[in-house]
Amino acid sequence: MSIELITYNPAGLLLPEHGLAEDALANLAPKLQAARDEVLSDAKLWAAGEEVPAEKQPLDAGFHELPDRLLAEYRELGPESEIARIQATADRLAGEVDRVVVLGIGGSYMGARALLEACCHPYYNEVPRAERSGRPRMSFEGNNVDNDAMQGLCDLLGRGREATEVADRWAIVVISKSGGTLETAAAFRILLRQLRASCGDDAAQLAKLVIPVTGTSGKLFDLAGALGCPEMYHVPEGVGGRFSILSAVGLLPAAIMGLDIVKLLEGAAAMNEHFRSAAVGENVVLDYTGACHLIETQRGCDVRLLSTWGKRLEAVGLWYDQLLAESLGKHEQGALPLTIVNTRDLHSRGQQHQEGKRDKVITNVTIGACQREPLAIGRSEHNHDQLNELADKTLPDILDAATRGTNQAYQEDNRPTADLHLPQLDEHVLGQVFQMFMLATVVEGRLIGINPYGQPGVEAYKKNMNAILRT
Ligand code: PA5
């Protein structure tokens with residue numbers, strides 16, 4: 001089967017107008033290759049279970065080979081493999097409930113949301129069950145501390161009313177690698193009470209409707225044991241939260257939504273192979289990293305706009321915002337990531353991108369083919385809007401004109417742009433995209449001497465919040 005890979009073209013960025021020679025990327029090639037070698041040897045070091053030298057710690061390099069490892073295990077062990085077990089849990093839940101509440105925050109939530117928005121029906125929770133291929137609705141909580149939002153969800157869940165029909169029944173997937181994150185834990189406790197009531201206090205039934213995804217020890221692990229949850233999944237050792245989308249953290253919610261998780265992993269594995277073998281100039285990961293690095297260091301463009309052309313990519317962009325910000329925003333370094341959705345944001349942020357400070361590099365993310373038939377404007381007897389002359393134009397035609405028009409305007413004003421092109425939005429392509437961004441983030445970390453793993457800065461607020469709450 002021939003695989004269509006995503007492509008990256010930095011032509012609108014590597015220009016003398018931006019202070020960059022045409023061969024700037026080629027000149028950076030030795031450094032990019034060295035950073036790639038370091039990332040590959042980090043992955044090997046981690047896989048071999050060797051002691052990690054102090055200057056490398058923490059080293060959560062396990063995400064890199066995870067897709068290949070899960071796929072190999074699937075081929076070898078079949079129904080005993082983790083992929084098959086995830087699939088079986090997802091299918092069981094789909095038969096038993098009509099809503100799954102995913103509890104998690106940061107890396108334990110954003111990937112699942114990105115997959116839902118990119119690959120499922122755009123009105124997934126609103127359409128009838130048949131149009132969701134018989135899969136449950138998905139809700140996300142435990143990703144904030146918002147009383148009224150939680151109360152609203154409790155309304156939707158029937159406030160603990162005993163549920164006998166599938167249409168009223170719901171389940172919880174609670175995801176926390178550490179198992180101790182307060183936002184997620186508080187939401188879990190509140191909803192567990194309601195779920196217990198909705199099961200008529202049947203402890204065995206309750207246990208089957210709670211699927212924890214956590215580490216191999218910790219508070220959530222212990223609680224799951226006490227509840228007697230028969231199915232539990234683990235965030236593998238050496239896979240950091242924001243790098244965990246292709247573990248059970250993202251795979252279980254994806255399988256519940258009915259997505260093909262094998263294809264997702266195959267996309268990521270294809271990106272791994274491309275990353276390892278393609279040269280600078282043809283390597284999506286290295287070229288993206290190199291071009292962003294050059295424009296930042298040589299022209300001061302430290303605001304990285306992911307300019308998505310399609311609203312289904314917004315949550316993918318937010319997932320990437322977290323990945324980049326939490327990985328490289330250290331030691332007073334790291335570009336500022338910002339996701340925008342066009343054409344919506346051309347009417348809000350567009351002015352600033354066209355005429356504001358020259359501190360931005362714009363990466364257009366375009367999608368080759370829609371999933372559905374293109375809709376035409378159509379002819380009307382009421383031509384007051386004067387659209388009859390555009391009657392044959394479709395929504396993709398308008399989006400294409402907007403994309404080209406916007407980029408022409410950027411070029412005319414010497415605003416640096418690059419293009420990341422996705423052939424379509426499906427699991428294989430999304431697997432490539434996630435792996436590409438994770439690899440690019442760690443390569444950039446090695447290039448600029450920042451450890452991309454760990455997030456020591458996040459601890460400060462947690463420490464203060466806990467101290468305030470417990471005094
Ligand atoms: O990337 C990270 O490690 C973080 O964003 C975590 O995912 C987030 O803080 C949630 O942590 P946990 O899964 O331990 O609840």
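**Exercise 1. Which residues line the largest cavity?**

Solution. The structure is a predicted model.

Step 1. Establish the number of cavities: there are 2 of 30 Å³ or more.

Step 2. Identify the lining. The largest cavity is bordered by H353, K357, R358, D359, K360, I362, R415 and P416.

Step 3. Classify these residues. The lining comprises 5 charged, 1 polar and 2 nonpolar residues.

Step 4. State the volume. The largest cavity holds about 50 Å³ of space.

**Exercise 2. Describe the second largest cavity by its volume and its lining.**

Solution.

Step 1. The volume of the second largest cavity is about 40 Å³.

Step 2. Its lining is formed by L306, T308, L313, V316, G317, V365, L420, V433 and F437.

**Exercise 3. Locate the ligand and characterise the shell around it.**

Solution.

Step 1. Find the site: the ligand occupies the second largest pocket.

Step 2. Count the surrounding residues. The ligand is surrounded by 13 residues, and the closest are S108, S176, S178, T181 and Q322.

Step 3. Sort the shell by residue class. Its members are 9 polar, 3 charged and 1 nonpolar.

Step 4. Assign the shell to domains. Domain 1 (7–50 + 278–456) and domain 2 (63–263) each contribute at least three residues to the shell.

**Exercise 4. Determine which protein atoms lie opposite oxygen atoms of the ligand, and how much of the ligand the protein covers.**

Solution.

Step 1. Begin with the side chains. In S108, a side-chain N or O atom is 2.6 Å from an oxygen atom of the ligand. For S176, a polar side-chain atom likewise lies 2.6 Å from a ligand oxygen atom.

Step 2. Turn to the backbone. R242 places a backbone N or O atom 2.8 Å from an oxygen atom of the ligand.

Step 3. Apply the cut-off. A polar contact requires a pair of N or O atoms within 3.5 Å, so the pairs at S108, S176 and R242 qualify.

Step 4. Evaluate the cover. On its own the ligand has 390 Å² of accessible area, of which the protein covers 90%.

How values were computed:
Residues are numbered from 1 along each chain as its sequence is written. This is a predicted model: local features need pLDDT of at least 70, side-chain atom pairs count only at pLDDT 80 or more; totals for chains, interfaces and linings use all residues. Side-chain values use heavy atoms; hydrogens and water are left out. A residue is near a molecule or strand if one of its heavy atoms lies within 4 Å of it. A polar contact is a pair of N or O atoms within 3.5 Å; within protein, one must be able to donate a hydrogen and the other to accept it, and residues adjacent in sequence count only if both atoms are side-chain atoms. Accessible areas come from the Shrake-Rupley method with a 1.4 Å probe; for residues, only the protein chains shown count as cover. Ala, Val, Leu, Ile, Met, Phe, Trp, Tyr, Cys and Pro count as nonpolar, Asp, Glu, Lys and Arg as charged, and the others, Gly among them, as polar. Domain bounds come from an automatic or database domain assignment. On a 1 Å grid over the protein atoms alone, a cavity is a set of points where a 1.4 Å probe fits but cannot get out, and a pocket is an open set with protein on both sides within 12 Å along at least five of seven lines; lining residues have an atom within 4 Å of a point. Grid points are joined across faces, edges and corners, and a volume is the space filled by probe spheres set on the points.
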